[in-house]
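The exercises below are meant to be worked with the sequence and the coordinates open side by side. Each one sets a task and then gives a solution in steps.

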Amino acid sequence: MDKFEYMWKIAELEEKVHRLDKEGWLQNEFLTWQWWVLGIFLIVPWLIWLRMVDKKRIIPILLFGMLFLIVTSLLDNIGLQFRFWKYPTQLMPVIPRALPFDCSMVPVAFMLVYQYFRSWKSYCFALVVVTVLFAFVGEPFSIWAELVVYIKWKYIYSFIYYIVLGVLIRFFIEKLIRCQAPHVDKS
């Protein structure tokens, strides 16, 4: 088989998987209590963020959050491909499968840490606290609630991931801010 035959064969299988995923979602996930929890996890963090965000620093805060969102979504999809975890309950049968986590809970929580803890020392302390809550409280809850199933993943990996990502993204944003040309007021 040449590459195009493989491509069409894979596309055909993906279509079957998508149809099966949609059927299973409609029969077993849609409107269950777990589905409602995921809906809350998607909407409520952004409502909190809208009320709490420092409007004077909204651009760097949003940039920080969007970088967290992008990296987390990308790595989540890689983890799915390598079968580190699965999502038995989804808000919608589409990618990203962990939409409420990757696009709401995680970036909003870390944006608030970035916003409120300005020194590196206080930021790192708050980062550890939030990371402990996510990795050792939130993830076990998500497993209990059947929102995720870990196959080849451990909570400690998440702890390390969130710490490393939080430090790298803050370092990157701080570097960008220092490189930025000074604002000139022409009024």
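A residue counts as buried when its relative accessible area is under 20%, as exposed when that area is over 50%, and as partly exposed in between. The model is a predicted one.

**Exercise 1. Classify Asp21 by its relative accessible area, and state which side chain it meets in a salt bridge.**

Step 1. The relative accessible area of Asp21 is 16%, and because the cut-off for buried is under 20%, Asp21 is buried.

Step 2. The side chain of Asp21 meets that of Arg97 in a salt bridge, with an N to O distance of 2.7 Å. Asp21 belongs to helix 1, whereas Arg97 sits in the loop between strand 1 and helix 4, so the pair ties together parts that are 76 residues apart in sequence.

Step 3. Arg97 has a relative accessibility of 23% and therefore counts as partly exposed.

**Exercise 2. Find the salt bridges formed by Glu15 and by Glu174, and say how far apart the partners are along their helices.**

Step 1. The salt bridges in the model come to three by the rule used here.

Step 2. Glu15 pairs with Arg19 at 3.8 Å, N to O. Because the two are four residues apart in helix 1 (residues 3-28), about one helical turn separates them. Glu15, at 40% relative accessibility, counts as partly exposed, and Arg19, at 41%, also counts as partly exposed.

Step 3. Glu174 forms a salt bridge with Arg170, and their closest N and O atoms are 3.6 Å apart. This pair, four residues apart in helix 6, is likewise separated by about one helical turn. Glu174 is partly exposed at 22%, while Arg170 is buried at 2%.

Step 4. The spacing can be read against the geometry of the helix: an α-helix has 3.6 residues a turn, so residues three or four places apart point the same way.

**Exercise 3. Decide whether Asp102 has a salt bridge or lacks one, and describe its surroundings.**

Step 1. Asp102 is found in helix 4. Although it is buried, Asp102 has no salt bridge, and the nearest side chain of opposite charge, that of Arg97, is 10 Å away.

Step 2. Beyond its neighbours within four places in sequence, Asp102 is in contact with Leu69, Thr72, Ser73, Asp76, Pro96 and Pro107. Among the buried residues of helix 3 are Leu69, Thr72, Ser73 and Asp76.

**Exercise 4. Check the end-to-end span of helix 3 against its number of residues, and name what covers its buried residues.**

Step 1. Helix 3 covers residues 58-81, and at 1.5 Å a residue its 24 residues should span 34 Å; the end C-alpha atoms are 34 Å apart, which agrees.

Step 2. The cover over its buried residues includes helix 2, strand 1, helix 4, helix 5 and helix 6.

Step 3. After helix 3 comes Arg83, which has a positive phi near 60°.

**Exercise 5. Contrast Val128 with Tyr162 in accessibility.**

Step 1. Val128 is found in helix 5 and counts as partly exposed at 34% relative accessibility. It is one of the residues of a nonpolar surface patch with about 1000 Å² of accessible area together, to which helix 5 gives the most, with seven residues.

Step 2. Tyr162 lies in helix 6 and, at 9% relative accessibility, counts as buried. Its contacts more than four places away in sequence include Phe68, Val106, Phe110 and Leu127.

Step 3. Tyr162 and Val128 are 34 residues apart in sequence and 8.6 Å apart in space, C-alpha to C-alpha.

Technical notes
Residues are numbered from 1 along each chain as its sequence is written. This is a predicted model: local features need pLDDT of at least 70, side-chain atom pairs count only at pLDDT 80 or more; totals for chains, interfaces and linings use all residues. Side-chain values use heavy atoms; hydrogens and water are left out. The expected span of a helix is 1.5 Å times one less than its number of residues. Buried means under 20% relative accessible area, exposed over 50%, partly exposed in between (1.4 Å probe, protein chains only). Contact means heavy atoms within 4.5 Å. Patches are made of residues with over 30% relative accessible area and no salt bridge: like charges are joined within 9 Å, nonpolar side chains (Val, Leu, Ile, Met, Phe, Trp, Tyr) within 5 Å. Accessible areas come from the Shrake-Rupley method with a 1.4 Å probe; for residues, only the protein chains shown count as cover. A salt bridge is a side-chain nitrogen of Lys or Arg within 4 Å of a carboxyl oxygen of Asp or Glu. Lys and Arg count as positive and Asp and Glu as negative; His and the chain ends are not counted.
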